[in-house]
Structures are given as structure tokens and as C-alpha cells.
Amino acid sequence: MNLSTLELKTFVPARDFELSKAFYLALGFALEWAGPDLAYFGHGPSRFLLQRFFVEAHAHNFVMHLLVENADDWHRHLVAQGLAARFEVALGEPEDRPWGLRDFTLHDPSGVLWRIGHDISGRVAPAFVE
């Protein structure tokens with residue numbers, strides 16, 4: 001019996017599907033496949049599905065976490081390209097968190113909260129950090 005898993009993806013809601021697709025492309029994700037109501041995005045080993053679906057209470061309580069090698073580099077990149085102003089979204093500053101990550105917050109155009117950070121605790125196994 002083989003009970004191995006291959007992948008875990010989430011379905012991210014989008015109020016304006018086309019705007020959200022443009023946002024995630026600007027963020028640095030690659031659009032790997034798209035249909036009329038669903039788009040498959042990836043960056044390195046990370047993947048998610050963007051869906052043409054929006055319930056405000058759901059979207060505003062939805063959180064994604066992206067573990068990266070260097071959150072400060074990601075933040076500088078997003079600031080340099082004017083992502084927050086271009087998409088009228090909130091972009092927080094990188095901070096060291098008590099849970100052992102240095103991260104920053106970013107809201108997407110639908111209100112989904114992203115936390116983009118890197119490990120500062122030494123607890124994350126290097127095999128999981130690409």
C-alpha cells in the first residue's frame with residue numbers, strides 16, 4: 001500500500017478574475033494553465049488554483065503563506081515594481097515575528113492576505129527551503 005502524497009493546493013478566491021490573474025503574474029507566479037473559471041499558478045515548487053469565485057467574508061478571512069529564501073529581497077522587488085500602487089493593495093513592511101519568521105503581509109485585489117517570509121529560527125529543515 002502506498003499512501004504517499006504528491007501535492008496540496010488551495011483554491012484562492014477572485015472577485016475580479018482577470019485582475020487577480022494580472023496581479024499574480026506581476027507578483028512573480030507563472031500562469032501554467034487557465035480556463036474560463038480557473039487558473040493554475042506556480043512559482044518554484046509552490047502552486048495554487050485561482051478561481052472565479054468570491055464571497056467577501058471568505059476572501060477576507062483567507063490567508064496564504066509563502067516560505068521564501070529571503071523575504072527582504074521579495075519585498076524590495078515588489079516595492080521596486082510598484083505592485084501596491086498598481087493594484088491598489090496593501091503591502092506591509094518586513095518584520096521579525098515571534099514565531100520564528102521574518103515576513104511581510106500583502107493583500108491581493110480580492111482581500112486575500114498573503115504572508116511572505118523566511119525562517120529566522122533555524123527550525124525549518126533546509127530540504128524544505130528552495
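Student: Which residues does K21 touch, not counting residues up to four places away in sequence?

Tutor: K21 touches A34, A39, F41 and L50, where contact means heavy atoms within 4.5 Å. This is a predicted model with residues numbered from 1 along each chain as its sequence is written, and local features need pLDDT of at least 70, side-chain atom pairs pLDDT 80 or more, while totals for chains, interfaces and linings use all residues. Side-chain values use heavy atoms, with hydrogens and water left out.

Student: Where is K21, and is it buried or exposed?

Tutor: K21 sits in helix α1; helices (H or I, at least four residues) and strands (E, at least two) are DSSP runs, numbered from the N terminus. K21 counts as buried because its relative accessibility is 13%. The cut-offs are under 20% relative accessible area for buried, over 50% for exposed and partly exposed in between (1.4 Å probe, protein chains only).

Student: And how far is K21 from L50?

Tutor: From C-alpha to C-alpha they are 7.7 Å apart in space, with their positions 29 residues apart in sequence.

Student: Switching to rings, how many aromatic pairs are there?

Tutor: A search of the whole structure gives 10 aromatic pairs. Rings of Phe, Tyr and Trp (its six-membered ring) pair if their centres lie within 6.5 Å; planes under 30 degrees apart are stacked, over 60 edge-to-face and the rest tilted. Take Y24 and F41: their ring centres are 5.9 Å apart and the planes lie at 55°, so the pair is tilted. Y24 belongs to helix α1 and F41 to strand β3, so the pair ties together parts 17 residues apart in sequence.

Student: What about F29 and W114, how does that pair look?

Tutor: F29 and W114 form a tilted pair, 5.8 Å centre to centre with 55° between the planes. F29 is in the loop between α1 and β2 (30–34) and W114 in strand β8, 85 residues apart, so to speak of distant parts of the chain is fair. Both F29 and W114 are buried.

Student: Which residues do ring pairs link into a cluster?

Tutor: The cluster holds F23, Y24, F29, F41, F48, F87 and W114. Leaving aside neighbours within four places in sequence, the contacts of F48 include Y24, F29, F41 and W114.

Student: Nice. Which residues have the most contacts inside the largest nonpolar core?

Tutor: They are Y24, L27, F48, L50, L106 and W114, in a core of 28 residues. Such a core is a set of buried Ala, Val, Leu, Ile, Met, Phe, Trp, Tyr and Cys residues joined through side-chain atoms within 4.5 Å. Helix α1 gives the most to this core, with five residues.

Student: Now α3: which residues are buried there?

Tutor: In α3 (residues 71–80), A71, D72, W74, H75 and L78 are buried. They cover an arc of only 160° around the axis, which puts them on the same side of α3; the arc is that of the directions from the helix axis to the C-beta atoms. R76 and A80, on the other side, are exposed.

Student: What covers the buried residues of α3?

Tutor: Among the elements covering them are α1 (17–27), β3 (38–43), α4 (83–87) and β7 (101–107).

Student: And what is at the ends of α3?

Tutor: N70 caps the N-terminal end, with a side-chain oxygen 2.9 Å from the backbone nitrogen of D72. G82 follows α3 and has a positive phi, near 65°.

Conventions
Polar contact = N/O pair within 3.5 Å; in protein donor to acceptor, adjacent residues only side chain to side chain.
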